[in-house]
Amino acid sequence: MTQLRNSSLTQSLTLFTTISDLKQTHSQIITSGLTNNIFITTRLLAFLAISPLGDLPYAKTLFDNVKHDHTLFMYNTMIRGFSQSDQPLCSIEFYLRMRRNGVLPDNYTFPFVFKACSSETHVGFGRQLHSSVVKFGLVYDVFVMNNVIGMYSSCGCLSDAKRVFEEGGGIGVIDVVSWTTLVTGYANSGEVEVARELFDEMPCRNVVSWNAMIAGYARCYNTIGEARELFEGMPERNAASWSTMISGYSHCGMYNEAFDLFVEMVRVGLVPNESALVSTVSACAQLRELEKGVWLHSYVDEQKFEINVALGTGFLDMYGKCGNIGKALSVFNEMPVKNVMSWNQMIAGLALSGFGRQALALFGKMQMMGPPPNNVTFIVLLSGCSHSGLLKEGWSIYEKMTGTYHIKPQSEHYGIMVDLLARAGLLKEALDFVEKMPVKPHPGLWGAIVGACRIHGDIELGERLGKQLIELEPHHSGRYLSLSNILAAAERWDDAAMVRNLFKERKVSKTPGNSMVGTGDTGDNWQLTSDSTTRAEHEYL
DNA sequence: GTAGGGTTAG
């Protein structure tokens with residue numbers, strides 16, 4: 001048996017780079033009888049809980065199995081690990097467990113547990129924690145207080161965040177991070193003007209503060225120009241500044257601008273980061289410009305950048321949207337790690353390229369060896385079935401979603417199901433489906449059935465639904481056109497013309513608000529036009 | 001004896 005000395009173990013703990021190395025070392029620790037060594041256990045825990053190569057469930061198991069009492073440091077490590085995981089509630093559980101066991105929190109505990117309650121649903125606990133901070137005399141710790149501000153900000157409680165910020169200012173515990181946190185809070189709550197006022201008031205700014213303000217402006221198409229202005233005028237830029245701007249363009253639908261800025265970033269010799277790459281790939285996908293996407297892919301290969309899940313998913317989306325489904329498949333197959341979005345995107349690519357059956361087959365594989373499907377998986381699958389006319393398969397997917405996976409259908413799922421049934425000519429079934437829906441159907445669902453009635457020649461049903469739909473949405477031009485098309489298909493030219501006239505007279509092609517601009521029309525006038533419908537037209541409807 | 005923040009991603 002290998003007898004390890006304490007010091008060599010400690011050394012090896014800082015050296016391993018993979019989880020299997022660590023597990024091997026852990027088993028050596030167990031066989032060497034060193035499990036009672038608090039320091040070694042702590043080092044292991046920290047690696048497992050915090051390192052990107054870590055393994056949180058394994059950390060939890062180790063935590064639960066230590067022989068001695070847990071130290072404050074161990075609790076802090078677990079709280080920190082879970083605060084940046086997908087189960088932040090576990091941080092709160094560890095905090096409560098710590099308090100139950102009589103361990104007192106310190107200035108390292110609070111920042112992470114505040115992060116864990118940065119969602120509207122946990123603001124109540126956040127408030128309790130805030131009063132604990134006061135009780136433990138930590139209001140002079142700027143790290144703790146900035147996290148209080150951050151917690152209130154991301155929970156949408158801007159007035160609380162502002163109050164804490166001002167109180168901090170009163171006792172001299174705010175710094176550039178406090179300002180930036182508050183600027184971000186206002187920008188994310190849609191109060192970008194307030195964010196800008198604060199930004200202008202800042203006693204000093206650094207590159208992160210500038211990036212935060214740019215991100216606030218870049219969120220929205222109306223203000224992206226301001227974002228670019230700040231970007232051009234800032235004293236220094238880092239990779240995040242560029243990727244903030246690029247993702248802003250991509251998010252606002254300005255895909256060419258996103259791509260051009262990425263090219264500019266590379267041209268000036270900067271190394272793009274993960275998020276710049278992901279945003280640019282997504283812009284190429286939206287542009288449906290295969291050449292740009294291929295250029296980006298070869299650039300990534302040349303630079304020997306690692307293609308992680310997000311980037312890989314972006315590439316397969318791009319190839320799928322640009323019509324190169326074979327390349328999308330090879331990217332998908334080569335991805336070492338795939339998440340639910342990667343699978344969804346690949347299924348969508350197949351479905352939208354007309355490979356409905358292959359999409360279903362990939363879903364079968366996903367059920368066996370992939371992550372659990374989510375609501376998006378089913379949207380993608382159902383629309384694939386609808387696209388390829390796979391009626392029976394669509395029904396069974398829908399049943400699997402609600403039965404096996406207990407996913408509650410949303411309006412998207414309902415819409416696709418109606419489309420699927422109506423396209424297949426099952427008009428009565430589609431109608432039945434809409435009438436039995438537990439939520440109020442969107443008028444568009446009836447519209448889909450009316451359209452299908454025309455294609456399948458069910459004039460009677462189409463006419464009845466078409467009239468109802470006009471009553472439901474008298475200002476929607478498409479509703480008049482659907483009815484008119486149905487009547488024309490039945491060669492009832494006079495009726496069809498009457499509906500078209502009605503539509504013209506009601507001026508429904510323009511919304512009342514818009515028609516008043518530049519035409520001299522008044523709202524009353526529009527109303528009058530609407531009322532001037534002839535008796536025959538009224539009777540027809 | 002060990003530690004920490006605010007910006008960017010599908």
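Visitor: Which helices help cover the buried residues of helix 10?
Guide: Helix 8 (123-135), helix 9 (142-154) and helix 11 (176-188) are among what covers them. Helices (H or I, at least four residues) and strands (E, at least two) are DSSP runs, numbered from the N terminus. Contact means heavy atoms within 4.5 Å. Buried means under 20% relative accessible area, exposed over 50%, and partly exposed in between, with a 1.4 Å probe and protein chains only.

Visitor: What sort of model is this, and how are things numbered?
Guide: This is a predicted model, in which local features need pLDDT of at least 70 and side-chain atom pairs count only at pLDDT 80 or more, while totals for chains, interfaces and linings use all residues. Residues are numbered from 1 along each chain as its sequence is written, chains are lettered from A and ligands numbered from 1 in the order in which they are written, and side-chain values use heavy atoms, leaving out hydrogens and water.

Visitor: Back to helix 10. Which of its residues are buried?
Guide: L158, D160, A161, V164, F165 and G168. They sit on the same side of helix 10, because the arc they cover around the axis is only 165°. That arc is taken over the directions from the helix axis to the C-beta atoms.

Visitor: And which are exposed on the other side of helix 10?
Guide: S159 and G170.

Visitor: How far does helix 10 reach from its first C-alpha to its last?
Guide: Helix 10 (residues 158-170) has 13 residues and reaches 18 Å, close to the 18 Å expected at 1.5 Å a residue. The expected span is 1.5 Å times one less than the number of residues.

Visitor: What residue with positive phi follows helix 10?
Guide: G172, with phi near 75°.

Visitor: S153 in helix 9, buried or exposed?
Guide: S153 counts as buried, because its relative accessibility is 7%. Leaving aside neighbours within four places in sequence, S153 is in contact with L158, A161, T181, L182 and G185.

Visitor: New topic. At what angle do helix 13 and helix 14 pack?
Guide: Helix 13 (residues 207-218) and helix 14 (residues 224-233) pack at about 155°, with their axes 7 Å apart. So helix 13 is roughly antiparallel to helix 14. Axes are lines fitted to C-alpha atoms, for helices over the stretch in contact, and angles run from 0 to 180 degrees between N-to-C directions. Angles under 35 degrees count as roughly parallel, over 145 as roughly antiparallel, 65 to 115 as roughly perpendicular and the rest as oblique.

Visitor: Is the crossing of helix 13 and helix 14 left-handed or right-handed?
Guide: Left-handed. A crossing is left-handed if the near helix is turned anticlockwise from the far one by less than a right angle, and right-handed if clockwise. On helix 13 the contact uses W210, M213, I214, Y217 and A218, and on helix 14 it uses I224, E226, A227, L230, F231 and G233.

Visitor: And at what angle do helix 15 and helix 16 cross?
Guide: Roughly 160°, and the axes of helix 15 (residues 239-251) and helix 16 (residues 255-267) come within 7 Å. Therefore helix 15 is roughly antiparallel to helix 16. This crossing is left-handed. From helix 15, A239, W242, M245, I246, Y249 and S250 meet residues of helix 16 including Y255, E257 and A258.

Visitor: Which residues of helix 15 are buried?
Guide: S241, W242, S243, T244, M245, I246, G248, Y249 and S250. The buried residues of helix 15 pack against helix 13, helix 14, helix 16 and helix 17.

Visitor: Which residues does S279 of helix 17 touch, beyond its neighbours within four places in sequence?
Guide: S279 is in contact with I246, S247 and S250. S279 counts as buried, at 11% relative accessibility.

Visitor: Where is K60?
Guide: K60 is in helix 4 (residues 56-65). K60 counts as partly exposed because its relative accessibility is 28%. Leaving aside neighbours within four places in sequence, K60 is in contact with M78, F82 and F94. The C-alpha atoms of K60 and F82 are separated by 9.9 Å.

Visitor: How many helices and strands in chain A overall?
Guide: Chain A has 33 helices and zero strands. Of its 541 residues, 46% are buried.
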